[in-house]
Amino acid sequence: MRFLIIPLINLLVLLRVLLGLPFRLLGARSRPAYVRFRLTGDPSYRERPRRPRLPLLGGQSRPEPATVTSLEGFREALELLAKDAKVKGILVELEGLEVPPAKREVLVKLLEDFRAAGKRVVAWAVSVDNLGYQVMCAADEALLSPAGRLELVGYAAEATALGEGLGRLGIKAHFFRRGAYKTAPELFTHPHVSDIQRQTLESFLDERYAELVDTVAKGRRRTPEEVKAWIDAGPYSAKRAVAQGLIDGVCDEADLPVRLGGKDEDEEGVDPMPMYRARLPWPPVRWRPLRPRPRLGVVPISGMIVPGKGGGGSRMAGSDSVVKALRAAGRNRGVKAVLLYVGSPGGSAVASEIILEAVQRVAKKKPVIAFVDRVAASGGYMAALGAKEIWATPHSVVGSIGVFAGKFDVSELMEKLGVHRTLITRGENAGIFSSTRGFTEHERALMETEMEETYQAFLEHVAKARGRTKEEIHALGEGRVYSGTRALGVGLVDKTGSFEEACRRAMELAKVPAERFDLQMYGGADRRFSLLKLLLGGASVGVYAFCPTAWSLLGFRGGERFE
């Protein structure tokens, strides 16, 4: 049936191209000299299929034509423009860019390759932070609005300790942990931030700061010492940024076409990519192949790992939902390999182990590659262990091999409020989950035993997956957190690289020619998560493989603090 339908579809596409040819020929001479792109938010790696939605039903409106919605689409557009002699270059407008370091590196590489093809790149923004400025540094010319700002100030981290404050409220935190570097309970138990927590944060700050200095120095052709002096003197107004040589000039948005060589302010000669394509006599067409392309299944583990389907207040990965997605990817014969896209700081130890077992089952049927874009810590790292190989981006957060558990005793708070609760039990440990008291000595012994068993099981999983001894993993564990680069050095990941490289590796392991393949998404987080709700909610003492440092680094941005 496919061999009948696909030729008909391609014939219709050809007819559409031919019918539009006269109009495109008329507009071919007026193709723009510069094409405008808008970088905002967090574009996906590959183009996501859009489902039509009615605005009245709360559907999202289409992005404006110049907005880059995927790195794949941006790459294809630049490759097309690089071959057109009429095109002089591109105008890149930055507004609220929020990509992780790995995607920023892809953007910088795409702009550098476009310039290497003999084209010009002009970057413009109203206001940019460290991230946006690093992308701007890859341009031939960096411009700001006259009223703009350059927030080049380096990086800051602000850790929090609630122990003393909770005590004043009458709340006592009772927690157990395995690993001195497992700092999650310290948020509730310590009156001050520990030296270990400080050292962990400083190690990541050092790496990100060094990378910021290197990128700016390379892009602006300055020495590292000069760039450090720039950072220490920030932030900047547009006027001061020009005077200090951080940017090349100021320009109103309405004046950009004239600055790029246009005749007036009506944006003549500067159009978005769809307008450019509409003026090509023979625009690139995506023909439907007679045989379906090989497919790579992508299963995301995004956010806090919880039992069941998930629920609550930021993004969550319910074990039932992830396992269901893995089973579907494993059963689909058209999916030749699976990419486990891990973006989780951990969560429930039980839920993490359930996901690990599901990954291992799929890995017996077809190749599975785990890819860490931002974070795979604690339970998130445990889930990735079932893959044949673990890939990570250089600045991702990896590791935190350790566990903790505990509860809050709110009896003093209840007494202050005049609320009286009486605990009546049958069974020595029936009150272990109660928030009206702390743990008894017997309950403490039980919790310590469970912590040790869970930690030893975690070590066994890692040792088996990485081909090491438990003693070697213990030396790397106890809650220690690594960047992707450092994790590669100590053997916790197999390779550092990009999303596309990890995808190609998965198809290579499946022994499928992977010059061009399609992605098929399974599952995905659509819930919200609250750490306090997780720890306070429900009358149970959970065992958690969770890393708060990794959770904080998920939203880490230059010039901003993360709690």
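In helix 13, the buried residues are Ala349, Ala351, Ser352, Ile355, Leu356, Ala358, Val359 and Val362. An α-helix has 3.6 residues a turn, so residues three or four places apart point the same way. In this predicted model, helix 13 covers residues 349–363, and its length works out as it should: at 1.5 Å a residue, its 15 residues should span 21 Å, and the end C-alpha atoms are indeed 21 Å apart. The N-terminal end of helix 13 is capped by Ser348, which has a side-chain oxygen 3.4 Å from the backbone nitrogen of Val350.

Turning to the nonpolar interior, the largest core holds 69 residues. Phe37, Leu81, Ile90, Leu94, Tyr133, Leu150 and Leu339 are the ones with the most contacts inside it. Helix 3 (residues 101–116) is the biggest giver to this core, putting in six residues. Phe37 shows what such a position looks like: setting aside neighbours within four places in sequence, its contacts are Ala66, Val68, Phe74, Ala77, Leu78, Leu81, Ile90, Leu91, Val92, Glu93 and Met273. Apart from this core lies another, made of 52 residues, with Tyr455, Ile473, Tyr482 and Leu492 among them.

Aromatic rings come next. A pair of aromatic rings is described by the distance of the centres and the angle of the planes. The model has ten aromatic pairs. One of them joins Phe37 and Phe74, with ring centres 5.1 Å apart and planes at 70°; planes over 60 degrees apart count as edge-to-face, so this pair is edge-to-face. The pair links distant parts of the chain, as Phe37 sits in strand 1 (residues 34–41) and Phe74 in helix 2, 37 residues apart. Both Phe37 and Phe74 are buried. Another pair is formed by Phe188 and Phe408, whose ring centres are 5.1 Å apart with the planes at 90°, so this one is edge-to-face too. Phe188 belongs to helix 6 (residues 186–189) and Phe408 to strand 17 (residues 403–409), so the pair ties together parts that are 220 residues apart in sequence. Buried means under 20% relative accessible area; Phe188, at 5%, therefore counts as buried, and Phe408 is likewise buried, with a relative accessible area of 5%. Elsewhere, ring pairs link Tyr45, Tyr341, Phe371 and Phe499 into a cluster.

Charged side chains have a part in this picture as well. The charged end of Arg46 sits over the ring of Phe517, 4.9 Å from the ring centre. Arg208 does something of the kind with Tyr155, lying over its face at 5.6 Å from the ring centre. Arg46 also turns up, together with Tyr45 and Glu47, among the residues touched by Glu72, not counting residues up to four places away in sequence. Glu72 is part of helix 2 (residues 71–82), and at 12% relative accessible area this charged residue is buried. The side chain of Glu72 reaches the backbone nitrogen of Glu47 at 3.4 Å.

A few spots in the backbone deserve a look of their own. Most residues other than glycine have a negative phi, and most peptide bonds are trans. Gly234 and Pro235, however, are joined by a cis peptide bond, with omega about 0°. Pro235 is placed in the loop between helix 8 (224–233) and strand 6 (236–237), and with 31% relative accessibility it counts as partly exposed. Its C-alpha is 5.9 Å from that of Leu150, although the two residues are 85 apart in sequence. Leaving out residues up to four places away in sequence, Pro235 touches Arg149, Leu150, Glu151, Leu152, Val153 and Arg240. Leu150 was met above as one of the residues with the most contacts inside the largest nonpolar core.

Positive phi values come up at Ser400 and Lys511. Ser400 has phi near 55°, a positive value in a residue other than glycine, and is found in the loop between strand 16 (397–399) and strand 17. Phi of Lys511 is near 55° as well, and Lys511 also lies in a loop, the one between helix 19 (499–509) and strand 20 (518–521). Their surroundings are another matter: Ser400 is buried, with a relative accessible area of 1%, whereas Lys511 is exposed, with a relative accessible area of 75%.

Notes:
Residues numbered from 1 in each chain as written. Predicted model: local features only at pLDDT ≥ 70, side-chain atom pairs only at ≥ 80, totals over all residues. Heavy atoms only, no water. Helix = DSSP H or I, 4+ residues; strand = E, 2+ residues; numbered from the N terminus. Buried < 20%, exposed > 50% of the residue type's maximum accessible area, 1.4 Å probe, protein only. Polar contact = N/O pair within 3.5 Å; in protein donor to acceptor, adjacent residues only side chain to side chain. Contact = heavy atoms within 4.5 Å. Phe/Tyr/Trp six-rings, centres within 6.5 Å; stacked < 30°, edge-to-face > 60°. Lys NZ or Arg CZ within 6 Å of the ring centre and 35° of its normal. Core = buried A, V, L, I, M, F, W, Y, C linked by side-chain atoms within 4.5 Å. Expected span 1.5 Å × (residues − 1).
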